[in-house]
Amino acid sequence: MQNDIKQYDVVIVGGGLVGTALAAALAKSPLSILLLEQNTVAAVAANILDLRTTGLSRSSATIFQQIGLWEKIEPLVTAIEKLDISEQGGYGSARIDAREFEMSPVGYMAPNLDLIKILSEYVQGLENVSIQAPASLVALEKNTQGYLLQCSSGENELQVQASLVVGADGARSKLRSLLAIDSSHKDYAQTAIISNVRPEKLHNNCAYERFTQHGPLAILPIQDQHCALIWTHASEQAAAHMALDDDAFLAALQQAFGHRLGRLEAVGERVSYPLSMTTASALYKPAAVLLGNAAQSVHPVAAQGFNLGLRDVQSLVGLLQQQDYKLDGLDQLLKVYADSRVADREHVIKLTDGLTRMFAAQFPAARALRGVGLRVLGALAPLQRVLLNRNSGMRYLNHWFDQ
């Protein structure tokens, strides 16, 4: 069934966290917005051990404050006040208490279901935002007004005219492909096992990053004194660990992590994700721009991916706000946007890729060098302050919504 062409100022392709955050950030604008999402969002009840979580940096908390949603999000998050960084079998470690630098919290852990629920409910109530879900982008054609998008929604076909089209549709972005923007792909030959665990001891708002013989292991504080688990393995090893029963998996995890939190008493449902890095060769084409994982999908070792994408959102909205949301001269605006994201983007890509390569090497000299580095970090307060500053993302924020 063919529908009439509908006109929008902005069409956002992808209704995940980044796409929905963009729609929310444009709530006070005069722009008409369409959010296209290929899946239906179903809120489901979940046991505490089966909740997926997202790490939020201080910059992300600030952005949600600017949007006006932090008051709803804050009661649901768990603050990270301390960091414990170590290597299995190594003598080096670093324990950092952000409260000593008046930089606490370092960040927050937010339940995914709650975060997407708050964003979705907010966006659904906006007069200037329409949502089409499920709907998939099929084709697009450049014209003098922007782009004509051909979409599939169930048995219906939908034609949409957009002055600006935004790709927030993930690492395998359909929009990026249709725009003929090249991307580079790096397969780490690693798989992340993600779950939640219940430890014997209180986590005391400490995030643990441990570099094991299998790969990086993060145990992060979440609500009700549970912890989120992200454990990276070589892909063939991940398959073997996924096949273990809960008791055997907990035993292997305990051996790798140690007893910093006492006995690990229970583990939730485990899921696994192959890890790679995908980076777009360009962030924009005329009247089109990429955000979040569509622009750069990075290794989760430092939990930077969503925070980087949220700063993409803030930068774009800040530039639109500076010109009163007028869409004249879009190409120049998008060039300025792309230029403004270079430093932040390169920092996160180099950080995540560098950490992955640095801790993958297991030969004695590399392990010794890492041990020295961790001991130096643990001993030097100025170096700890630099680390906290760089990972907060605050230096890459634009100032907008300042009333």
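## Exercises on a predicted model

The charged end of arginine 270 sits over the ring of phenylalanine 249, 4.4 Å from its centre. That is a warm-up for this predicted model; now try the rest yourself.

**Exercise 1. Charges over rings.** Find what the charged end of lysine 142 sits over, and how far it is from the ring centre.

*Solution.* Start from the charged end of lysine 142 and look for a ring: you land on tyrosine 147. The distance to the centre of that ring is 5.5 Å. To accept such a case, check that NZ of Lys or CZ of Arg is within 6 Å of the ring centre and within 35 degrees of the ring normal.

**Exercise 2. An aromatic pair.** Work out how the rings of tyrosine 208 and phenylalanine 257 are arranged, and which elements they come from.

*Solution.* Step one: search the whole structure, which turns up three aromatic pairs. Step two: take the pair of tyrosine 208 and phenylalanine 257, with 5.4 Å centre to centre and 85 degrees between the planes. Planes over 60 degrees apart count as edge-to-face, so that is the label for this pair. Step three: place the two residues. Tyrosine 208 belongs to strand 13 (residues 206–211) and phenylalanine 257 to helix 7 (residues 246–257), so the pair ties together parts 49 residues apart in sequence. Step four: look at exposure, and you'll find both tyrosine 208 and phenylalanine 257 buried.

**Exercise 3. Cis peptide bonds.** Say which residues precede proline 105 and proline 134 in their cis bonds, and where the prolines sit.

*Solution.* Go through omega. Between serine 104 and proline 105 it is about 0 degrees, which makes the bond cis. Proline 105 is in the loop between strand 6 (93–97) and strand 7 (107–111). Now move to proline 134: the bond from alanine 133 is cis, again with omega near 0 degrees. Proline 134 is in the loop between strand 8 (129–132) and strand 9 (136–143).

**Exercise 4. Positive phi.** Decide whether aspartate 224 and tyrosine 325 are buried or exposed, and give their phi values.

*Solution.* A bit of background: most residues other than glycine have a negative phi. Aspartate 224 has phi near 55 degrees and is placed in the loop between strand 14 (216–221) and strand 15 (227–234). Its relative accessible area is 61%, so aspartate 224 is exposed. Tyrosine 325 has phi near 60 degrees, in the loop between helix 8 (305–322) and helix 9 (330–340). At 11% relative accessibility, tyrosine 325 is under the 20% cut-off and so counts as buried.

**Exercise 5. An enclosed helix.** Count how many residues of helix 1 (residues 17–25) are buried.

*Solution.* Walk along the helix; the buried residues include Leu17, Val18, Leu22 and Ala25. The tally is nine of the nine, so helix 1 is largely enclosed by the rest of the structure.

**Exercise 6. Two helix residues.** List the contacts of histidine 347 and arginine 375, leaving aside residues up to four places away in sequence, and classify their exposure.

*Solution.* Histidine 347 lies in helix 10 (residues 342–360) and counts as buried at 12% relative accessibility. Its contacts are Arg390, Arg395 and Tyr396. Arginine 375 lies in helix 11 (residues 364–379) and is exposed, with a relative accessible area of 51%. Arginine 375 touches Tyr91, Gly92 and Ser93. As a last check, take the C-alpha atoms of arginine 375 and glycine 170: they are separated by 38 Å, with the two positions 205 residues apart along the chain.

Note on methods:
Residues numbered from 1 in each chain as written. Predicted model: local features only at pLDDT ≥ 70, side-chain atom pairs only at ≥ 80, totals over all residues. Heavy atoms only, no water. Phe/Tyr/Trp six-rings, centres within 6.5 Å; stacked < 30°, edge-to-face > 60°. Helix = DSSP H or I, 4+ residues; strand = E, 2+ residues; numbered from the N terminus. Buried < 20%, exposed > 50% of the residue type's maximum accessible area, 1.4 Å probe, protein only. Contact = heavy atoms within 4.5 Å.
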